[in-house]
Each structure stands twice: as structure tokens, then as C-alpha cells.
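Good morning, and thank you for coming. Please look at the sequence and the structure on the screen while I describe some parts in turn.

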Amino acid sequence: MTATAKKSEAKKEMKKTEKKAVKKAVAPNEVFLADYKPPVFLVRSMELDFDIQDKITRVSSRFEVYRNPASEGGDALELDGEAQKLESVTINGVELSKQSYELSEHKLIIPYVPDEAVIEIVSTNVPAKNTALSGLYQAGPLLCTQCESEGFRRITYYPDRPDVLTKFRVTIHADKKTYPILLANGNLVKKGSEKGGRHYAVWEDPFAKPCYLFALVAGKMDKVSDTFTTKSGRDVLLEIYVEPGRKSETGFAMESIKKAMAWDEKTYGLEYDLDRFMIVAVSFFNYGAMENKGLNIFNDACVLGRADTATDADIAFFERVVGHEYFHNYTGDRVTCRDWFQLSLKEGLTVFREQEFCGDMNGRALERLHAVATMRNRQFPEDAGAMAHPIRPASYQQIDNFYTSTVYQKGAEVVRMIQTMVGRAGFRKGLRLYLKRHDGQAATCDDFVAAMAEANGIDLDHFMLWYAQAGTPVLDVTSAYDEKKKEYTLRVKQSCASTAGQKEKYPLNMPFCVGLLDQQGNDMKGTFVLDIASPEEVFVFLNVETKPIPSLLRDFSAPVRVNYPYTDDELRVILAKDKDGFNRWEAGQTLFSKYVLGDEPVPAAFLESLRKVLRDKKLDAATKAMMLALPSESELGLTLLAQGQKINPLKLYEKRQRVIKVMAEALSDDLWAVYESIERDLDEKASDGLARGRRSLKNLCLAYLAKVEPETVAPLAASAVAGSKNMTDQIAALHILADQGTKLADKMLAQFAKKYEGKPSIMDDWMSVQAAARRSDVLVTVRKLLKHKAFTFKNPNRVSALIGVFATNPLGFHAADGSGYAFIGEMTLAVDKVNPHASGRLAKTFLRWKDFDAKRQKLMKAELQKLAAAPKLSGNVKEIVTKALAAK
């Protein structure tokens with residue numbers, strides 16, 4: 001069979017699989033990609049008027065609809081709407097009686113609407129009661145919105161789908177004292193005073209957008225302003241709005257905005273297109289941030305902080321998330337997604353752009369390691385779970401449940417593979433074609449890939465299977481060297497385990513980057529980009545003078561697992577000498593995994609390799625820290641599953657600790673030397689990439705030393721908590737002390753809480769430290785913290801910081817008596833009454849229940865059955881629980 005025939009056959013088989021999925025709906029509200037139909041009506045323009053009063057907000061909308069020529073629908077206009085009180089509906093100036101429309105819990109249907117009509121709707125809602133934080137809600141002292149994915153329907157009745165785009169004009173009325181600042185998308189065109197101490201503001205967005213990109217914020221805020229001059233010479237006003245008293249924490253965010261704007265111009269020629277760019281930081285938010293056109297709304301924990309109030313990880317994330325949301329201006333806003341199945345079109349592409357940005361800002365090799373670690377710790381487990389899905393799912397019940405690492409991070413890896421295949425210049429050419437062709441439109445993943453293929457003259461039809469097939473592919477690689485012919489042969493077999501709803505798997509097309517090292521670790525031939533497309537491929541390298549060591553999957557060129565029978569000596573050569581940063585790191589991770597899972601002594605030669613890493617003056621501190629960090633329990637668990645074993649989390653934890661202690665004892669002198677050197681020289685206030693890397697290495701060294709010299713390390717940790725002006729050092733020290741569980745730990749935790757009382761983001765770290773403590777009695781501590789004044793079920797940040805972190809703690813969540821499972825089940829139900837989005841995240845911790853030992857399977861299944869039987873379960877949790885119990 002030819003390669004073309006193989007591709008065609010694979011596509012046909014995949015279509016059969018998708019058709020089968022349509023027939024296997026597990027819930028009456030299941031939505032399928034295959035059922036997509038264009039909207040019957042489109043919207044020509046939208047005017048919104050918000051009358052913000054003390055307890056309610058009255059929303060008046062006026063929008064012009066016209067029949068969509070691409071639709072085969074009937075005469076009815078179907079509008080989405082919920083959690084509001086409808087007051088009136090008018091068509092072309094005539095108010096409809098209640099008998100003239102159908103109103104249900106989620107829909108407003110007008111049976112007959114002419115081909116063109118002006119619809120006017122008045123409704124009211126109560127933002128203070130909207131604890132789901134979707135739609136218009138109260139966020140502390142502010143009113144704000146979150147409309148992605150289906151929040152706009154909680155504001156007014158409207159066709160709430162991403163393929164309906166129009167221009168918005170928004171007027172906001174409010175009490176001037178309570179809500180002195182009134183913001184919406186686009187440009188401010190008018191403002192003024194009104195009777196009774198009220199005022200108004202009118203905003204117009206010149207760009208058509210779907211309603212999920214609508215944004216409004218009102219309240220008392222401080223503002224920090226700056227400007228950015230674009231490449232064409234326009235001055236763009238930059239504004240960051242924060243709750244009163246937090247202006248001094250905006251420095252990193254403002255600098256990140258300017259870096260992102262300059263980078264997007266230089267890299268892709270994309271210039272910002274409005275007169276102003278606004279960020280608002282709010283304290284109640286379900287996500288990290290939202291890319292609303294011209295008015296980005298951020299979770300304050302993801303954008304505000306200084307070195308003394310935020311950790312280095314926080315500060316690095318500020319740059320990442322600010323860049324991500326800004327880059328959405330083109331890949332998400334100017335070109336949006338046709339439907340929510342295409343979510344990875346905007347998110348996967350924008351994560352890729354964010355990674356490229358962070359790589360240019362902080363080092364490409366290090367950024368790549370961070371991306372791979374995220375894939376290994378978050379996305380690969382999703383592929384192994386009961387809700388495994390491709391980057392473009394075939395169906396869903398609740399789209400909120402599919403804002404996943406698969407859609408985001410794996411989606412970015414799929415985009416990166418295209419860049420690897422066509423080159424950086426070719427990728428930029430394809431992106432320009434995509435944006436030009438679909439500007440102002442709602443596009444699909446097919447549109448993006450088609451633009452890449454056309455711009456570069458390549459066939460990507462087979463590659464499209466990445467968008468339809470779930471799971472983590474495995475490449476089993478073997479090699480042979482013919483010394484007489486000087487030929488080296490690599491044989492690559494591709495496979496993928498069955499996933500939920502997809503028993504049959506088909507070969508994928510991917511770039512497989514390979515290098516060859518001699519026995520001393522010198523690069524022999526550079527990097528080859530091999531094209532994998534069939535179940536088995538054979539590659540022959542000519543004129544290879546000596547038997548090489550293969551350097552496989554360089555730069556993590558595809559999101560796969562690779563099996564190759566390396567010897568320990570070969571892995572140590574790669575660890576010491578390979579020029580590819582990913583493979584150096586991967587060699588160490590492979591050896592760590594072998595010694596953790598094999599229950600065998602850690603060889604002195606490996607420990608000596610780690611010592612050389614510590615002493616390597618050419619290697620930056622951040623990379624050293626990553627190379628010295630063991631694989632997580634999650635990653636090790638997946639390795640066990642690949643070996644056909646079930647996971648006993650406590651035994652796995654103990655095995656991992658054993659290797660850490662052996663390493664710490666063997667490298668003690670070097671660990672102390674590195675720690676003391678950095679501690680002596682590093683400025684506490686420094687937060688640049690170099691400083692962050694050195695601090696991460698310093699604190700890793702101290703954490704390792706705490707495992708073997710706890711009495712020596714404890715006073716140093718206590719001193720850091722009490723005296724350091726750097727939040728990273730304080731939190732790292734608290735982790736060491738919390739794990740020890742001594743009276744000194746209790747004392748320092750109490751001192752920290754007293755010092756930072758009233759600072760929610762810092763107190764989140766304080767709660768997380770205690771929830772993450774590797775102690776058997778951690779659940780007792782967490783239950784006590786539920787009653788602490790720093791905690792509330794109404795704020796998703798608090799829920800994630802305490803309950804969410806506990807769910808990742810193997811000693812707490814996986815306690816042998818099942819108490820951890822019972823607690824998360826109890827908390828899922830408690831949070832579900834307040835915020836279904838947050839409760840869904842908790843419920844997902846049970847998705848992989850079948851991966852664990854028989855006793856834990858029984859306990860977790862019982863908890864899932866309790867959740868399934870609970871009355872009034874949200875759709876978010878119900879979908880997760882149902883699919884978890886259906887897992888085979």
C-alpha cells in the first residue's frame with residue numbers, strides 16, 4: 001500500500017470512529033462535533049445598556065438580526081439565557097406577549113422572526129448571588145464579567161455561540177461614588193454625569209466579536225498607566241486597574257505587556273489594533289485570565305506581585321499569562337473559533353506563541369524543559385484517564401470540562417510539530433495567510449492547517465489525525481550498526497493504547513528529530529528531522545564511521561513516549577554531553593525512574609554524573625535545578641502503568657524518597673557549597689530570569705539536605721521565614737518545615753500568618769504549604785484550615801490553594817483508609833453548591849481510579865458512586881463522575 005493510500009485509509013477509519021461516537025451518546029445533553037449547523041440568524045449590530053443599581057442590574061439589549069444564507073434552519077430565533085428575570089421582548093418595535101414566545105430555564109425561542117428584524121430585550125439579574133462567577137458577578141468590591149465559554153447567556157438573551165460575531169456598543173450607568181470607573185471593550189467614546197449622583201460611560205469596539213469576548217468592569221480601582229509606541233508610530237495607552245492599595249504590584253505585568261507587544265511585532269509583524277489596552281485584576285475569578293478584546297480580566301494572583309509578595313514561580317507566570325492573553329488579540333479575537341470543539345484552534349496556537357515568547361525572553365532550552373515537564377505531569381495523565389480526548393473532542397456535555405492540558409499544552413505541541421515540519425519561516429508564512437484569510441471570522445482547526453499546508457506546498461491531510469485521535473503515542477525504537485558498510489539503522493514502531501471511546505488507533509504523522517553521538521558524546525551528524533507516518537518505519541544512516549549512541553526525539557519533537565534499550569553508560573554519556581537540552585534532561589529522568597522503581601542501589605557512577613551537573617560552570621542554575629529534580633509521583637506512576645503494574649501511591653512515594661536521600665547523602669558537600677554560595681551572593685530583591693534560576697537551585701539544594709540533615713536545616717529554614725524579604729525563600733523554607741511537622745514548624749507558620757494576615761494571595765501560599773505537607777496527619781490540618789478566616793468556599797483561589805493542593809498530596813489524598821477520598825468527595829459536593837466550575841476540577845481527581853491498587857480502586861469507586869447518587873449535582877460534576885464510572 002502506498003503512503004497516500006495509507007493516509008486515505010487512516011482518515012476513512014477515523015471518520016468511522018467519529019460516527020460511532022455519535023451513536024454512543026451517554027447523556028441526553030451530549031453535544032457532538034458532527035452535528036454542527038450554522039446559526040439560522042446572524043447579528044448585524046449589538047447595543048447593550050447596563051443600569052447598575054444597588055441590588056440588581058437591568059440589562060437592555062437591542063440587536064439587529066438577519067437570516068444566515070448558509071443556514072438551512074427554519075423561522076424560529078433561538079436565544080440562550082439563564083439565571084435572569086425576563087421583563088420584555090420586542091420585535092421591530094412591537095412588544096410580544098408571553099404567549100408569543102417560549103421561555104424555559106435555558107432558552108428563549110421566538111417561533112417566527114422575519115428575515116431581518118430588530119430585537120429588544122430587557123432583563124434583570126443579581127450579580128451578588130452569582131457565585132458561579134460566570135456572566136456578570138460581584139468580585140469583592142467590583143462588578144465584572146466572565147463570558148467564556150457560556151457566560152454571556154447569564155447577562156442577556158442572545159445567540160451565545162462563537163460563530164455569531166458583531167460589533168458592540170455598550171453604555172453603563174451606575175452610582176459614581178460606588179462605581180467611579182466604568183469599563184468595557186474597545187474605545188471610550190463618551191462619558192458624563194447623570195441625576196442622583198450617577199454617571200455613565202459609552203464604549204465602542206470597532207471589531208466584530210463573539211459575545212464570549214464581551215467584558216465589563218465597574219467599581220473603585222486604582223490605575224497605573226503607561227504607553228507603547230507601535231512600529232507604525234502609534235502611541236497605545238496601557239492601563240492596569242487594581243483594587244485600591246495594589247498599584248505597587250503592577251510593575252512586572254506592565255513590563256510584560258510591552259515585551260509582548262514588541263515581540264509580536266518583531267516575530268510575526270502583528271501590531272496592536274486599538275487605542276488602548278487594559279488589564280483589570282480581580283480577586284474572584286475561575287481562570288487565570290481572559291482575553292476579552294482590549295479589556296483583559298485577570299485573576300489577581302496571576303498578575304500582581306513583587307519579589308516580597310510573590311514567589312519566583314508567580315513572577316515567571318505573570319510574564320507568561322500576560323503574553324498569552326495579549327497574543328490572543330489576533331489568535332483568538334481577530335480570528336476566533338467556529339464552535340467550542342475548535343477550542344484548541346485559539347488556545348493551542350496561543351500557548352505555542354506564549355512558549356516561543358518566553359523562550360526568547362528567558363532561554364529556549366529552559367522553556368522547552370518547562371513545557372515538556374508540564375506535558376508529562378499534566379497532559380499525559382489526562383491521556384491515561386477516563387475522559388481522555390483529542391485536542392479537538394468529538395463530543396462533550398459541559399464545555400467547561402474541556403479546558404484541559406490536552407486542548408492547551410498538547411494543542412501547542414501539535415502546532416509546534418507543524419513548525420518543525422515547515423521551518424520557522426514557513427510557519428510565519430502560514431500564520432500570515434491564516435490570519436489574512438480569516439480575519440474577522442470564526443474559523444476551524446482545518447482552516448489553520450489548510451493555510452499552513454497551502455503556504456508551504458505540503459500535504460497535511462494525514463497530520464490532521466492529531467486533531468481527532470486521543471492518547472499518547474509510543475515509539476518503540478531499535479537499532480543496528482553494520483561496521484563493514486558503515487551503516488546505522490533505526491527501526492521505529494508506532495502504537496497507541498485504547499482510550500475512552502476510541503478502541504482502535506491509527507498511525508499518526510509526526511516529525512521525529514534524531515541525532516547521533518559517538519561514544520564520547522560528540523555530535524556526529526547534526527539533527528535529522530525524520531518523517532514518521534506508518535506503523536513501522538526504517539531509517540538507514542550512511543557513512544557512520546563508528547557505532548553511535550542515538551539521541552532520540554530531540555527538542556521533544558512530538559508529544560510521544562519513546563522506548564529504546566539504552567545502557568546506563570549510554571544514558572550517562574547523553575546526560576553529560578548531548579547538545580540537545582531535552583535529551584540531557586531526559587537521560588537523567590530515565591535513570592532516576594529506573595532507580596526509583598527498580599528498588600536497586602543507586603550506582604556511584606550516576607551520583608558522580610549528578611555531581612558534575614552541580615559543578616558544571618557552563619550550565620545555568622535553572623537548568624541544573626531541573627536536571628537534579630526527580631520525576632514526579634505522577635510521571636513515575638505512568639511509567640509503572642506502562643510496565644503493566646498498578647500504582648500504590650504510598651509505596652511509590654517511599655521509593656522516591658529513598659533515592660532523594662541517597663542522592664542528598666552522596667552529594668552533601670556539593671549541595672552545601674552551592675547553597676551557601678548562592679545564599680551569600682544573591683540579592684533578595686532580584687527577580688530576573690537569572691536570579692530566579694539561582695534561587696530555584698539554592699532552595700532545591702536545601703530541600704534535599706533537609707531529608708538527611710533535618711536538625712541542621714531547620715534553623716536555616718526558620719531564619720528564612722522570619723528574616724527573608726523574598727517570598728520565594730520564605731515559602732520554600734515553610735515547605736521544609738511543614739514536612740517536618742515540628743513545634744518549630746508550628747511556630748513559624750503562625751508567625752507567617754500573623755505577618756501576612758489580610759493578604760489573600762500570600763495566605764493562599766500559606767494554606768498550600770500545609771495542604772502539601774508530606775505527613776500522614778495532613779488531613780487533620782486541612783480540616784482545621786477550612787475554618788480559618790483566610791478560607792472561603794466562594795473564592796476558587798482559596799479552594800484550589802487548600803483543597804485542590806491536598807488532592808495532589810499522595811500521603812493525604814491516597815491515605816490507606818480512604819479518608820482522603822472521602823474528604824475530596826465531601827468537598828466536591830460542598831463546592832458544587834457554590835461554583836460548579838471549581839467543583840468539576842476537584843471531581844477530576846477521581847478520573848484515574850482504575851490505575852491504582854485493588855484496595856484503592858474499591859475506595860475511590862465507592863466515593864464516585866456517592867457523588868453520582870447526590871441530588872442536584874451540577875452538569876460539570878455529573879459528566880465527570882458518569883464517565884469515570886463508565887471507564888473500562
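**Helices, strands and salt bridges**

I should say at the outset that this is a predicted model. I shall speak about helices, then strands, then charged side chains, and finally two single residues.

Let us begin with helix α20, which runs over residues 778-785. Which of its residues are buried? They are Val778, Leu779, Thr781, Val782 and Leu785. These residues lie on the same side of α20, because they cover an arc of only 155° around the axis. The cover over them includes α19 (760-771), α21 (796-806), α22 (810-813) and α23 (819-832).

The next pair of helices is α6, residues 405-438, and α7. Their axes come within 7 Å and cross at roughly 105°. Angles from 65 to 115 degrees count as roughly perpendicular, so α6 is roughly perpendicular to α7. Many residues take part in the contact between these helices. On the side of α6 they include Val415, Ile418, Val422 and Phe427, and on the side of α7 they include Phe448, Val449, Ala451 and Met452. Charged residues are also among them, including Lys429 and Arg437 in α6 and Asp447 and Glu454 in α7.

I now turn to the strands. Strand β13, residues 181-184, is covered on both faces. Ile181 and Leu183 are buried on one side, while Leu182 and Ala184 are buried on the other. Strand β13 pairs with strand β16, residues 216-219, in the antiparallel sense, over 4 bridges. Within this pairing, which residue of β16 is the bridge partner of leucine 182? The partner is alanine 218.

Elsewhere there is an open sheet of 4 strands, in the order β29-β26-β25-β31, and its pairing is mixed. Its edge strands are β29 (536-541) and β31 (561-563), each of which pairs on one side only. On average, neighbouring strands of this sheet are turned by 25° against each other, if direction is ignored. One pairing in it joins β25 and β31, which run in the parallel sense over 3 bridges. Aspartate 476 stands opposite asparagine 563 of β31.

We come to the charged side chains. Side chains of opposite charge can pair when their charged atoms come close. How many salt bridges does the model contain? The count is 67, and I shall describe three of them before turning to a network.

The first example joins arginine 783 and glutamate 826, with 2.8 Å from N to O. This pair links distant parts of the chain, since arginine 783 belongs to helix α20 and glutamate 826 to helix α23, 43 residues apart. Arginine 783 has a relative accessible area of 34%, so it is partly exposed. Glutamate 826 is likewise partly exposed, at 37%.

The second example joins glutamate 879 and lysine 883, again with 2.8 Å from N to O. Both residues are in helix α26, residues 875-885, and because they are 4 residues apart, about one helical turn separates them. Are these two residues buried or exposed? Glutamate 879 is buried, with 0% relative accessibility. Lysine 883 has a relative accessible area of 17%, and it is buried because the cut-off is 20%.

The third example is the salt bridge between aspartate 75 and arginine 67, whose closest N and O atoms are 3.3 Å apart. Aspartate 75 is partly exposed at 38% relative accessibility, and arginine 67 is partly exposed at 23%.

Salt bridges can also be followed from residue to residue in this model: Glu78, Asp80, Lys107, Glu150, Arg153 and Asp160 are linked in a network.

I close with two single residues. Arginine 376 is located in helix α5, residues 364-383. With 7% relative accessibility, arginine 376 is buried. What does arginine 376 touch, apart from residues up to four places away in sequence? Its contacts are Pro381, Phe556, Phe582, Trp585, Glu586, Glu635 and Leu638.

Leucine 460 lies in the loop between α7 (445-456) and β25 (474-482). Leucine 460 is buried, with a relative accessible area of 3%. Leaving aside residues up to four places away in sequence, leucine 460 touches Met421, Val449, Met452 and Ala453. Between the C-alpha atoms of leucine 460 and valine 449 there are 7.1 Å, and the two residues are 11 residues apart along the chain.

Thank you for your attention.

How values were computed: Residues numbered from 1 in each chain as written. Predicted model: local features only at pLDDT ≥ 70, side-chain atom pairs only at ≥ 80, totals over all residues. Heavy atoms only, no water. Buried < 20%, exposed > 50% of the residue type's maximum accessible area, 1.4 Å probe, protein only. Helix = DSSP H or I, 4+ residues; strand = E, 2+ residues; numbered from the N terminus. Arc of directions from axis to C-beta. Contact = heavy atoms within 4.5 Å. Salt bridge = Lys/Arg side-chain N within 4 Å of Asp/Glu carboxyl O. Pairing = 2+ DSSP bridges. Axes fitted to C-alpha atoms, helices over the stretch in contact; angles between N-to-C directions. Parallel < 35°, antiparallel > 145°, perpendicular 65-115°, else oblique.
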